[in-house]
Amino acid sequence: MKAMLSMALVLGVCGFVVAADKVDPVGTWKCDYEIGSQKLTATLTIKMDGDKLAGTMSWPDQKDEKLKDVKLKESTLTFSAVRKFMGNEFPLDFTLTIEGDKFKGKSAAEFGGQKQEFDIEGKRDKKDK
């Protein structure tokens, strides 16, 4: 009987720890990245749309671009967005690793027939907590 009670207690505590470690990407994130020597910013908004993740990305000159294929696997968030700049469209693929209220990751785009990657970091707005 003691063994069963001990096992139930251990499993209960383990289940609580796993649930507490679950990553929540929902919120508004301020993003910083650098292309060449130019420092740039964007705002990423992730929300729940029914049982799926959805969202938008905004830059200073382009607002509320809908995200495509938003997926969360463990702590990795992936999605695509289209950056419109100087009459051109650049499809961007993002892979971000979330840790609490911060993320680090990469974005990739094709420029002039060559795929280029750049680092991106972000922090969740405190008002979303």
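This briefing covers strand pairing, the nonpolar core, aromatic contacts, the largest pocket and backbone angles in the turns. The model is predicted. Strand 7 (residues 88–99) pairs antiparallel with strand 6 (residues 76–85) through 10 bridges, and it also pairs antiparallel with strand 8 (residues 102–111) through eight. Strand 7 contributes the largest share of the largest nonpolar core, four residues, and it gives the most to the lining of the largest pocket, with three residues.

**Strands 6, 7 and 8**

- Strand 6 and strand 7 run antiparallel and are joined by 10 bridges.
- Within this pairing, T76 faces T97 of strand 7.
- The hairpin of strand 6 and strand 7 has two residues between the strands, and M86 there has a positive phi near 50 degrees.
- On its pairing with strand 8, strand 7 is again antiparallel, with eight bridges.
- L96 has G105 of strand 8 as its bridge partner, and L92 stands opposite A109 in strand 8.
- Two residues separate the strands in the hairpin of strand 7 and strand 8, where G100 takes a positive phi near 65 degrees.

**Strands 1, 2, 8 and 9**

- Strand 1 (27–35) and strand 2 (38–49) are antiparallel and share nine bridges.
- Y33 is placed opposite L40 of strand 2.
- The hairpin formed by strand 1 and strand 2 has two residues between them, and G36 in the turn has a positive phi of about 65 degrees.
- Strand 8 and strand 9 are antiparallel and joined by 10 bridges.
- Their hairpin also has two residues between the strands, with G112 in the turn at a positive phi of about 55 degrees.
- Strand 9 (114–124) pairs with strand 1 as well, in the antiparallel sense over five bridges.
- E121 of strand 9 stands opposite D32, and E121 also stands opposite K104.

**Nonpolar core**

- The largest nonpolar core contains 23 residues, and L44, M57 and F79 have the most contacts inside it.
- Two or more residues each come from strand 1, strand 2, strand 3 (52–59), strand 6, strand 7, strand 8 and strand 9.
- Strand 7 supplies the largest share of this core, four residues.
- In soluble globular proteins, nonpolar side chains tend to be buried together.

**F79 and its aromatic partner**

- Three aromatic pairs are found in a search of the whole structure.
- In the pair F79 and F94, the ring centres are 4.7 Å apart and the planes lie at 15 degrees, so the pair is stacked; the cut-off for stacking is under 30 degrees.
- Because F79 belongs to strand 6 and F94 to strand 7, the pair ties together parts that are 15 residues apart in sequence.
- Both F79 and F94 are buried.
- Beyond its neighbours within four places in sequence, F79 is in contact with L44, M57, L67, K68, D69, V70, L92, D93, F94 and L96.
- This contact list includes L44 and M57, which are named with F79 as the residues with the most contacts inside the largest core.

**Largest pocket**

- The volume of the largest pocket is about 300 Å³.
- The pocket is lined by 13 residues, of which Y33, I35, L40, R83 and F85 are the closest to its centre.
- Strand 1, strand 2, strand 6, strand 7 and strand 9 each give two or more residues to the lining.
- Strand 7 gives the most, with three residues.
- Y33 and L40, both among the residues closest to the pocket centre, stand opposite each other in the pairing of strand 1 with strand 2.

**Positive phi outside glycine**

- Most residues other than glycine have a negative phi.
- E74 is not a glycine, yet its phi is positive, near 60 degrees.
- E74 sits in the loop between strand 5 (68–73) and strand 6.
- With a relative accessible area of 70%, E74 is exposed, because the cut-off is over 50%.
- M86 likewise is not a glycine and has a positive phi of about 50 degrees.
- The loop between strand 6 and strand 7 holds M86.
- M86 has 70% relative accessibility and so counts as exposed.

Definitions and conventions
Residues are numbered from 1 along each chain as its sequence is written. This is a predicted model: local features need pLDDT of at least 70, side-chain atom pairs count only at pLDDT 80 or more; totals for chains, interfaces and linings use all residues. Side-chain values use heavy atoms; hydrogens and water are left out. Two strands pair if DSSP finds at least two bridges between them. Rings of Phe, Tyr and Trp (its six-membered ring) pair if their centres lie within 6.5 Å; planes under 30 degrees apart count as stacked, over 60 as edge-to-face and the rest as tilted. Buried means under 20% relative accessible area, exposed over 50%, partly exposed in between (1.4 Å probe, protein chains only). A nonpolar core is a set of buried Ala, Val, Leu, Ile, Met, Phe, Trp, Tyr and Cys residues joined through side-chain atoms within 4.5 Å. Contact means heavy atoms within 4.5 Å. On a 1 Å grid over the protein atoms alone, a cavity is a set of points where a 1.4 Å probe fits but cannot get out, and a pocket is an open set with protein on both sides within 12 Å along at least five of seven lines; lining residues have an atom within 4 Å of a point. Grid points are joined across faces, edges and corners, and a volume is the space filled by probe spheres set on the points.
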